[in-house]
Amino acid sequence: DNSPGFIPNCRTCRRQAREQSGEDHHEGLSSDEELTPTEVDEFQKSKDNVLEDSRKIFEDVHTDFCDIRKILLKFQEWKERFPDSYCDAYISFCLPKLLNPLIRVQLISWNPLEQKFTKLEEMPWFRAIEEFSDTENVSESK
């Protein structure tokens, strides 16, 4: 609209720029959040750095203490050998806080918006917790 007093907004300017450059755009999709190639590259570099740093977090930790399944096995042994002590320690309340950092590291690269994403229920840490919970429920019912 070139009427007097018309001040183009950002959306109008982007639309005109797309039309002039011949850029493909689907009507109805918002261009407000479109990233420039530079922004995409910067985001990808930042994401790669975070993923690289996350791989180093447990480098110096013994494997028995950075694997959720192994940690849960230790708690299962404790429960079987010393049930009173296990119960007095309120382990069921402590486990979420204990496992939280381990799970967070594994979820850093998880993106449920990608077309091919792994469901939470299919992740190894989820299955380990589920198995531990099932074992705990079976022993409580006995």
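Where does glutamine 106 lie? Glutamine 106 lies in helix H5, and I will come back to that residue after the overall picture.

First, the basis. This is a predicted model, in which local features need pLDDT of at least 70 and side-chain atom pairs count only at pLDDT 80 or more, while totals for chains, interfaces and linings use all residues. Residues are numbered from 1 along each chain as its sequence is written, and side-chain values use heavy atoms, with hydrogens and water left out.

The protein chain has 6 helices and 0 strands. Helices (H or I, at least four residues) and strands (E, at least two) are DSSP runs, numbered from the N terminus. Along the sequence the pattern reads α-α-α-α-α-α. Of the 142 residues in the chain, 15% count as buried. Buried means under 20% relative accessible area, exposed means over 50%, and partly exposed is in between, with a 1.4 Å probe and protein chains only. As for contacts, meaning heavy atoms within 4.5 Å, 51% of those between residues at least 6 apart in sequence join residues at least 24 apart.

Now the helix pair. Two packed helices are described by the angle between their axes and the distance between the axes. For H3 (residues 68-81) and H5 (residues 91-107), the axes come within 11 Å and cross at roughly 165 degrees. Axes here are lines fitted to C-alpha atoms, for helices over the stretch in contact, and angles run from 0 to 180 degrees between N-to-C directions. H3 and H5 are therefore roughly antiparallel to each other; the cut-offs are under 35 degrees for roughly parallel, over 145 for roughly antiparallel, 65 to 115 for roughly perpendicular, and oblique for the rest. The crossing is right-handed, that is, the near helix is turned clockwise from the far one by less than a right angle.

On the H3 side, the contact is made by Ile68, Ile71, Leu72, Phe75 and Trp78. H5 contributes Ile91, Leu95, Leu98, Leu99, Leu102, Ile103 and Gln106. By class, this contact has 11 nonpolar, 1 polar and no charged residues. The nonpolar class is Ala, Val, Leu, Ile, Met, Phe, Trp, Tyr, Cys and Pro; Asp, Glu, Lys and Arg count as charged; the others, Gly among them, count as polar.

Back to glutamine 106. At 35% relative accessibility, glutamine 106 counts as partly exposed. Leaving out residues up to four places away in sequence, glutamine 106 touches Ile68 and Trp125. Methionine 123 is 17 residues from glutamine 106 in sequence and 9.2 Å away in space, C-alpha to C-alpha.

Another glutamine, number 76, lies in helix H3. Is glutamine 76 buried or exposed? Glutamine 76 is buried, at 10% relative accessible area. With the same sequence neighbours left out, up to four places away, glutamine 76 touches Phe132 and Thr135.

Next, tyrosine 90, in the loop between helix H4 (83-88) and H5. Phi of tyrosine 90 is near 50 degrees, a positive value in a residue other than glycine. Tyrosine 90 is exposed, with a relative accessible area of 52%.

Last, the cysteines. How many disulfides does a search of the whole structure find? The search finds 0 disulfides, with a disulfide taken as a pair of cysteine sulfur atoms within 2.5 Å. Cysteine 66 is partly exposed at 24% relative accessible area, and cysteine 94 is partly exposed at 39%.
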